[in-house]
Amino acid sequence: MDHFELRDGVLHAEDIPLPQIAAEVGTPVYVYSRATLERHAQVFRDALKDVPKKHLAFAIKCNPNLGVLRVLARQGYGADVVSGGELERALASGMAAEDIVFSGVGKTRAELAQGLDRGIGQFNIEHEPEGAALAEIALARETTANAVLRVNPDVDAGTHAKISTGKAENKFGVGIDVAPQIFARLAALPGLNLRGVALHIGSQLTSLAPLEAAFERVGLLVSDLRAAGHSITHVDLGGGLGVPYKPGDNPPSPADYGAMVARVTKDWDVTLMFEPGRVIAGNTGVLLTEVLWVKPGASNPFVIVDAAMNDLARPALYDAYHDFVAVKPTGEKMTASIVGPVCETGDTFARDREIDAVQAGDLAVFRTAGAYGATMASTYNSRSLVPEVLVDGGRYIVVADRIAAGTIMAAERVPDWID
Ligand code: LLP
């Protein structure tokens, strides 16, 4: 459920008509709904009501906007961060340092030190040398780093290859077969409080079966580690729950996920940690765009919108589907390809799709754009960096400015030795 609805024939974000935002902020622009964000945060937490000890860390890579993070901080969420930059954002948004989990396959020594200096709650170690480096850095600071070891359970998540992370051939974590030996060596290091394991098998999962298979493997590992004398108090189950993008999509609900987690982990006696991203933020945002032109094509017309692959990269990168709806639908339909202005055929949001009939000057939105939307934007083709707006009932605020192409150019220089 979200708060983007037609009222008197005009699409609103909560109580704000989208044409108002288009007129006042311009397009393209991301529009987020605070009420939707809060609802999703609560639904996910409620879904885990049968998990006695839990920690919720929003995967801020999917939407690191400070305004969005502040809303989630007030909902009691911490953060899963994957860079020093994300770490500073989480803190700046008001999240407590101890609620921050530092994941990421290539943390630098400087980032490990930054995490320690900031007093974050946990490091998710990706491989043995990283753990050894963290121990060394912690020891030099006369402190101890709380850490878990990320394992790769070798499970096919059944999602797009570019966002699968839990197969043996993927770069993430240590193989679950070699995990006990690596765990034992790292657990022996002073400077490290190795207290558990982590996994994350992929994103936009539309079936619970691979998650359940992975969790079962991790459950066995936890027993083995305990049998070997280790104290296991934390298991981080990662994120990955899919959301509906297309009308008719029916991914498992947070409640289904929560019930499965509670069942599989009931004897684990650990604090379970979660890193949800898309399931919290996906449906809380739309990308508002204006139709620039409608141009005849070989089979169907091209609807050329002012948003492009630099603003919303998912269709170009993963052939992702984002629903496209008119802000003032007439009830008429047309079949068209929706494209942006960037000079690549890949700058295509939809091919030969039946959509609301639109014409030049009309406004429309790409839905389910609150996760992995603005955060993946670039300035390719010297376009501006897309702005973001947060709506709260009848008010809204620009939570990220449009950064003009000229501002980006002003940060460049021409060497004076080129004459
Ligand atoms: N934890 C870890 C360690 C992750 O790598 C990720 C996502 C998450 C949690 C959150 O996963 P979620 O709940 O959002 O599925 N750009 C791609 C998605 C990349 C996901 C990367 N990792 C997309 O637009 O589909």
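# A guided tour of the predicted model

The buried residues of helix 5 (residues 109-118) pack against helix 4 (84-92), strand 7 (100-102), strand 8 (122-125), helix 6 (128-140) and strand 9. The model on display is a predicted one, and residues are numbered from 1 along the chain.

**First stop: helix 5 and helix 4**

Please select helix 5 and colour Glu111, Leu112, Ala113, Gly115 and Leu116, which are buried. Just beyond helix 5, select Gly119; its phi is positive, at about 75°.

Next, move to helix 4. Which residues of helix 4 are buried? They are Gly84, Glu86, Leu87 and Ala90. Turn the view until it looks down the axis of helix 4: the buried residues fall within an arc of 160°, so they line one face of the helix. An α-helix has 3.6 residues a turn, so residues three or four places apart point the same way. To see what the buried residues of helix 4 pack against, display helix 3 (66-74), strand 6 (78-81), strand 7 and helix 5. Helix 4 is followed by Gly94, which has a positive phi near 105°.

**Second stop: strands 9, 11 and 12**

Select strand 11, residues 192-198. Six of the seven residues of this strand are buried, and strand 11 is thus described as mostly covered. Show strand 9 (145-152) beside it: strand 9 and strand 11 pair in the parallel sense over six bridges. Within this pairing, Arg150 stands opposite Ala198 in strand 11.

Strand 11 has a further parallel pairing, with strand 12 (residues 234-236), over three bridges. Here one may select Val197, whose bridge partner in strand 12 is Val235. Now add helix 8, residues 209-227, to the display: strand 11, helix 8 and strand 12 make a right-handed β-α-β unit.

**Third stop: Ser164**

From strand 9, follow the chain towards strand 10 (174-175); Ser164 lies in the loop between these two strands. Is Ser164 buried or exposed? With 12% relative accessibility, Ser164 counts as buried, because the cut-off for that class is under 20%. To display its surroundings, select Ala157, Thr159, Asn170, Ile201 and Gly202, which Ser164 touches when residues up to four places away in sequence are not counted.

**Fourth stop: the sheet of strands 1, 2 and 3**

Go next to the beginning of the chain. Three strands form an open sheet there in the order 1-2-3, with antiparallel pairing. Strand 1 (4-7) and strand 3 (16-17) stand at the edges, each with a single partner strand, so one side of each is left without a neighbour in the sheet. Strand 1 and strand 2 (residues 10-13) run antiparallel and are joined by four bridges. Select Arg7 to find one of these positions: its bridge partner in strand 2 is Val10.

**Fifth stop: Pro329**

Keep the sheet visible and select Pro329, in the loop between strand 16 (324-326) and strand 17. Pro329 is partly exposed, with a relative accessible area of 29%. How many residues along the chain lie between the positions of Pro329 and Leu11? They are 318 residues apart along the chain, while their C-alpha atoms are separated by 8.6 Å. The residues that Pro329 touches, leaving aside those up to four places away in sequence, are Leu6, Gly9 and Asp356.

**Sixth stop: strand 17 and its partners**

Select strand 17, residues 333-339. Five of its seven residues are buried, so strand 17 is largely enclosed by the rest of the structure. Strand 15 (residues 302-305) pairs with strand 17 in the parallel sense over three bridges, and Val303 stands opposite Ile338 in strand 17. Strand 18 (residues 348-356) pairs with strand 17 in the antiparallel sense over six bridges. In that pairing Lys333 stands opposite Asp356, a residue also touched by Pro329.

**Last stop: the aromatic rings**

Finally, display the aromatic side chains. The structure holds seven aromatic pairs. Select Phe44, Tyr257 and Phe274, which form one aromatic cluster. Two charged side chains may then be added to the view. Lys107 lies over the face of Phe102, at 5.9 Å from the ring centre. Arg353 lies over the face of Tyr321, at 3.7 Å from the ring centre.

Definitions and conventions: This is a predicted model: local features need pLDDT of at least 70, side-chain atom pairs count only at pLDDT 80 or more; totals for chains, interfaces and linings use all residues. Side-chain values use heavy atoms; hydrogens and water are left out. Buried means under 20% relative accessible area, exposed over 50%, partly exposed in between (1.4 Å probe, protein chains only). Contact means heavy atoms within 4.5 Å. Two strands pair if DSSP finds at least two bridges between them. A crossover is right-handed if, with the strands pointing away from the viewer, the path from the first strand over the helix to the second runs clockwise. Rings of Phe, Tyr and Trp (its six-membered ring) pair if their centres lie within 6.5 Å; planes under 30 degrees apart count as stacked, over 60 as edge-to-face and the rest as tilted. A charge sits over a ring if NZ of Lys or CZ of Arg is within 6 Å of the ring centre and within 35 degrees of the ring normal. The arc is that of the directions from the helix axis to the C-beta atoms.
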